[in-house]
Amino acid sequence: MSTYILGIESSCDDTSAAVIKNTQLLSNVIANQDVHKSFGGVVPELASRAHQQNIIPVVEFALNKAKIKKNQLSAIAFTRGPGLLGSLLVGTSFAKSFSLGLGIPMVEVDHLKAHILSHFIGKEYGEEKPNFPFLCLTVSGGHTQIVKVESPTKMTVIGRTIDDAAGEAFDKAAKIMGLPYPGGPVIDKLAKIGNPHAFEFPTPSMKGLDYSFSGLKTSFLYFLRDSLKIDDDFIEKNKADLSASIQYTIVTILLNKVKRAIKETGIKQIAIAGGVSANSGLRDALTLMAKQNNWKTFIPEFQFTTDNAAMIAIAGYFKYLDGDFAEQNVVPYARSRF
Ligand code: KG4
Ligand code: ZN
């Protein structure tokens, strides 16, 4: 018998609902919130309000697109955390009432684990999936981690950022240059026509597998401040080279630790996940490094890089198979728990 899971994602500024049949994706609907653009970042209160408005139409649309009736669902999976508490509360409360109303179980999902499990969303042409154990570099706007993945539910963080996330480094560098939010995709686009070696920025010497990006942000800020003293138009004239150089530095920092993690664990399968895994510089550099070192890489489809409910549904599916259900008194958590 087939298992139908409805996934709900509302941890930040995207309201998303998806339906899967076993591991096969039937629909994945995402409502982005443009309201934050003029603020240069996500405004939590506005995000919660937009989720409230979006959640019912987004779920209805996802069910219609999947050609599934509510009473065919086996369970509802929702993001419990980490994320913005007000935003998470909308998805969590919706899941509770839906589960009660339909008399079906609900499954709580960790957003970061779901990013990793997006690699298991069934693909039409049966593309290859990672074997266990594998390593995953999870790089998003809020997190940067290297995770050892031993099963869909057994994951250990072996390296993490001690300050800013990689996505934040992109977004802050873009903000310093006066580029719109979110800055990652804008820098990625400009970097394609710039020289990655035009400017050199320092890479931190962090111990072990941990990351730090706050020093890079500061040195980028000071470099631009000094350059603007000499030429008012420095940023405008060098936007592409600055983007290519900062992207090159961020990617170098990320991959240096990946190389080390592979050496230390002996695991030669590496996946990337999260919003920054859409970055073309990271994808190209990892692919090249893997070729040179005989590693196997897993690079997600673009639709599964940024926040989406398909990854919540697949993570929920694995927990559903284990009978790992949430109770009605479950509450969201804001900070990472693993
Ligand atoms: O995973 P995600 O959608 O949300 C979080 O859970 O944080 O990641 C959003 C982050 C933002 O910082 C955004 O700038 C970055 O992913 N991002 C990119 C690219 N696309 C999105 N960064 C670099 N290059 C990209 N192409
Ligand atoms: Zn995310």
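Domain bounds in what follows come from an automatic or database domain assignment, and the structure to which they apply is a predicted model.

**Exercise 1. The two domains**

Task: State how the protein chain is divided, and find how far apart the C-alpha centres of domain 1 and domain 2 lie.

Solution. Begin with the division of the chain, which gives domain 1 (4–123 + 305–321) and domain 2 (134–301). The C-alpha centres of domain 1 and domain 2 lie 27 Å apart, and the contact between them takes 17 residues from domain 1 and 24 residues from domain 2.

**Exercise 2. The surroundings of ligand 1**

Task: Work out which residues come nearest to ligand 1, which polar atoms lie beside its oxygen and nitrogen atoms, and how much of its area the protein buries.

Solution. Start with the shell, which holds 18 residues, and of these Gly141, Asp171, Asp188, Gly275 and Asn279 come nearest. Sorted by class, the shell has five nonpolar, ten polar and three charged residues. Both domains take part, since the shell draws at least three residues from each of domain 1 and domain 2.

Next, take the polar atoms one by one. An N or O atom in the side chain of His115 is 3.3 Å from an oxygen atom of ligand 1, while a nitrogen atom of the ligand lies 2.9 Å from a polar side-chain atom of Asp188. For Asp307 the partner is a polar backbone atom, 3.2 Å from an oxygen atom of ligand 1.

Then turn to the area: ligand 1 taken alone exposes 560 Å², and the protein buries 88% of that. Finally, the elements that give two or more residues to the shell are helix 3 (111–117), helix 4 (166–176) and helix 5 (183–191).

**Exercise 3. Helix 5 and its cover**

Task: Determine which residues of helix 5 are buried and what covers them.

Solution. The buried residues in helix 5 are Gly183, Gly184, Ile187, Asp188, Leu190 and Ala191. Asp188 has already appeared in the ligand shell, where a polar atom of its side chain lies 2.9 Å from a nitrogen atom of ligand 1. The cover over the buried residues of helix 5 includes helix 4, helix 7 and helix 8 (280–293).

A residue of helix 7, Ile246, lets us follow one part of this packing. Ile246 counts as buried because its relative accessibility is 1%, which is under 20%. Leaving out residues up to four places away in sequence, Ile246 touches Ala173, Ile187, Phe201, Leu216 and Phe220; among these, Ile187 is one of the buried residues of helix 5. Ile246 is also 62 residues from Gly184 in sequence, yet their C-alpha atoms are 11 Å apart in space.

**Exercise 4. Two buried hydroxyl residues**

Task: Decide whether Thr249 and Ser11 are buried or exposed, and name the polar partner of each side chain.

Solution. Thr249 belongs to helix 7 (residues 234–265), and it counts as buried because its relative accessibility is 4%, under the 20% limit. A polar atom of its side chain lies 2.7 Å from the backbone oxygen of Ser245. Beyond its neighbours within four places in sequence, Thr249 is in contact with Phe201, Pro202, Thr203 and Leu216.

Ser11 sits in the loop between strand 1 (4–9) and strand 2 (14–21). With 3% relative accessibility, Ser11 counts as buried too, and its side chain makes a polar contact of 2.6 Å with the side chain of Glu9. Apart from residues up to four places away in sequence, Ser11 touches several residues, including Pro82, His111 and Asp307.

**Exercise 5. Backbone exceptions**

Task: Identify which peptide bonds are cis and which residues have a positive phi although they are not glycine.

Solution. As background, most residues other than glycine have a negative phi, and most peptide bonds are trans. A cis peptide bond joins Gly81 and Pro82, with omega about -10°, and Pro82 is found in the loop between strand 4 (75–81) and helix 2 (85–102). The bond from Tyr181 to Pro182 is cis as well, with omega near -5°, and Pro182 is in the loop between helix 4 and helix 5.

For phi, Asn22 has a positive value of about 50° in the loop between strand 2 and strand 3 (24–32), and Asn22 is partly exposed at 25% relative accessible area. Asn294 has a positive phi of about 65° and is found in the loop between helix 8 and strand 10 (296–298), where it is exposed, with a relative accessible area of 67%.

Technical notes:
Residues numbered from 1 in each chain as written. Chains lettered and ligands numbered in written order. Predicted model: local features only at pLDDT ≥ 70, side-chain atom pairs only at ≥ 80, totals over all residues. Heavy atoms only, no water. Near = heavy atom within 4 Å. Polar contact = N/O pair within 3.5 Å; in protein donor to acceptor, adjacent residues only side chain to side chain. Areas by Shrake-Rupley, 256 points an atom, 1.4 Å probe, with all protein chains shown as cover. Helix = DSSP H or I, 4+ residues; strand = E, 2+ residues; numbered from the N terminus. Nonpolar A, V, L, I, M, F, W, Y, C, P; charged D, E, K, R; others polar. Buried < 20%, exposed > 50% of the residue type's maximum accessible area, 1.4 Å probe, protein only. Contact = heavy atoms within 4.5 Å.
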